[in-house]
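Colleague: I'd like to go through this one slowly, asking how each label was earned. Can we start with the empty space inside?

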Amino acid sequence: MQFGIFTIADITRDPTTGAVPTENQRLKSMVDQAKLAEQVGLDVFAIGEHHNPPFVTSSPTTTLAYIGAQTEQIILSTATTLITTNDPVKIAEDYAMLQHLTGGRVDLVMGRGNTGPVYPWFGQDIRKGIELAVENYELLRRLWTEDVVDWEGSFRTPLQQFTSTPRPLDGVAPFVWHGSIRSPQIAEQAAYYGDGFLHNNIFWPMSHTQQMVQLYRERYEHYGHGRAHQAYVGLGGQAFMRKNSQDAITEFRPYFDSAPVYGGGPSLEDFTRATPLTVGSPQQVIERYLTMADHVGDYQRQMFLMDHAGLPAKTVLEQIELLGTEVVPVLRKELAARKPADVPEGPTHAARVAAAEAEHGAFDDAYRFETGDNWTGLRAEDKQGQEQLR
């Protein structure tokens with residue numbers, strides 16, 4: 001299984017000191033988190049996409065490229081790429097570029113996001129959210145898998161003989177997870193394409209998560225991509241740890257009580273009972289997360305939110321070190337021992353390239369001048385024919 005951390009990069013006042021990080025400090029802390037995550041053996045670092053305060057993650061590719069230049073192994077992902085309000089052409093270009101610059105250490109979580117006002121900011125209608133997600137992703141896949149695309153839809157201008165550049169690294173597009181908390185249509189979309197489904201269940205009871213994952217697995221098998229238990233599933237998670245569990249509860253409580261996302265709601269005790277949030281010792285986190293597969297089956301990716309609610313940067317780094325050195329090694333060993341041999345590993349670029357080569361042969365990465373001409377809309381041979389007619 002792949003283990004990682006994700007950040008939504010919120011700027012939140014520390015309730016114990018009143019300190020508020022600057023945007024610059026918050027961005028630099030994310031880079032520090034990613035570098036430490038790699039050092040302690042985590043597999044994935046992911047950032048969300050938001051275009052409104054108090055968040056500073058409006059440009060995931062810029063941030064991930066900067067992190068990619070300072071790391072060597074960790075997979076760089078998004079916690080959400082807004083498939084509804086981003087142009088699929090720009091997504092295709094940006095993440096293929098990031099693939100090349102990081103040696104393939106890139107995948108994406110496609111989602112609609114949770115901020116309603118973002119739709120009109122980018123010229124879209126929130127009432128068309130599902131339709132946008134379906135149509136935009138269909139185009140994105142074609143841009144990555146077809147060298148020349150003719151396309152017409154409802155939400156953007158048509159494309160004639162269009163080639164997205166650069167082409168995906170080694171002829172293999174980034175792996176895509178479809179992220180949704182409550183929309184069965186998105187679970188269906190993930191299953192239809194044989195992509196991954198990531199249920200970021202940090203605010204939801206396990207019964208709901210179980211239903212969504214089960215739907216995705218059943219439909220994955222229905223579309224012929226493999227058996228239901230072989231589908232690609234990811235989960236969200238949250239933890240706060242100290243060696244002594246009571247110390248963890250005492251330290252985390254003021255952050256929980258004042259957090260913008262759940263402050264003023266259920267008590268810390270009620271919330272930890274109902275959701276994956278685990279506050280206590282590393283052993284308690286291990287015991288809690290060993291049970292997740294009992295509800296959703298063997299899965300490929302477990303992500304943790306560690307840096308929200310105004311927690312100091314130093315504290316967050318301490319949490320990442322505990323996760324990587326004390327929790328994940330045990331989880332990795334125990335869950336690997338349970339996993340059936342026919343359940344696939346977490347997706348990596350190298351493994352996907354090897355699978356593609358086994359099925360289709362080696363990819364020819366020579367630049368193909370016969371692809372579409374995005375200036376004239378004609379292929380090279382079409383232009384030659386026109387010259388001959390003259």
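**Space, helix and core**

Modeller: Sure. The largest cavity has a volume of about 80 Å³. Keep in mind that this is a predicted model.

Colleague: Why is this called a cavity and not a pocket?

Modeller: A pocket is an open set of points, but in a cavity a 1.4 Å probe fits and cannot get out, so the closed kind gets the name cavity. The structure holds one cavity of 30 Å³ or more.

Colleague: What makes a residue part of the lining of the cavity?

Modeller: A lining residue has an atom within 4 Å of a cavity point. For the largest cavity, 13 residues pass, and G104, V106, F175, T348 and H349 lie nearest its centre. The lining divides into six nonpolar, four polar and three charged residues.

Colleague: How do you know that helix 1 has a span close to the one expected?

Modeller: Helix 1 covers residues 23–39, which is 17 residues. At 1.5 Å a residue you'd expect 24 Å, and it reaches 25 Å from first C-alpha to last, close to that value. Just after helix 1, G41 takes a positive phi of about 95°.

Colleague: What makes M30 in helix 1 count as buried?

Modeller: Buried means under 20% relative accessible area, and M30 is among the buried residues of helix 1, along with V31 and L36. The buried residues of this helix pack against strand 1, strand 2, helix 2 and helix 12.

Colleague: And which helix gives the most to the largest nonpolar core?

Modeller: That core has 93 residues, with L323 among those with the most contacts inside it. Helix 12 gives the most, with eight residues.

Technical notes:
Residues are numbered from 1 along each chain as its sequence is written. This is a predicted model: local features need pLDDT of at least 70, side-chain atom pairs count only at pLDDT 80 or more; totals for chains, interfaces and linings use all residues. Side-chain values use heavy atoms; hydrogens and water are left out. On a 1 Å grid over the protein atoms alone, a cavity is a set of points where a 1.4 Å probe fits but cannot get out, and a pocket is an open set with protein on both sides within 12 Å along at least five of seven lines; lining residues have an atom within 4 Å of a point. Grid points are joined across faces, edges and corners, and a volume is the space filled by probe spheres set on the points. Ala, Val, Leu, Ile, Met, Phe, Trp, Tyr, Cys and Pro count as nonpolar, Asp, Glu, Lys and Arg as charged, and the others, Gly among them, as polar. Helices (H or I, at least four residues) and strands (E, at least two) are DSSP runs, numbered from the N terminus. The expected span of a helix is 1.5 Å times one less than its number of residues. Buried means under 20% relative accessible area, exposed over 50%, partly exposed in between (1.4 Å probe, protein chains only). Contact means heavy atoms within 4.5 Å. A nonpolar core is a set of buried Ala, Val, Leu, Ile, Met, Phe, Trp, Tyr and Cys residues joined through side-chain atoms within 4.5 Å.
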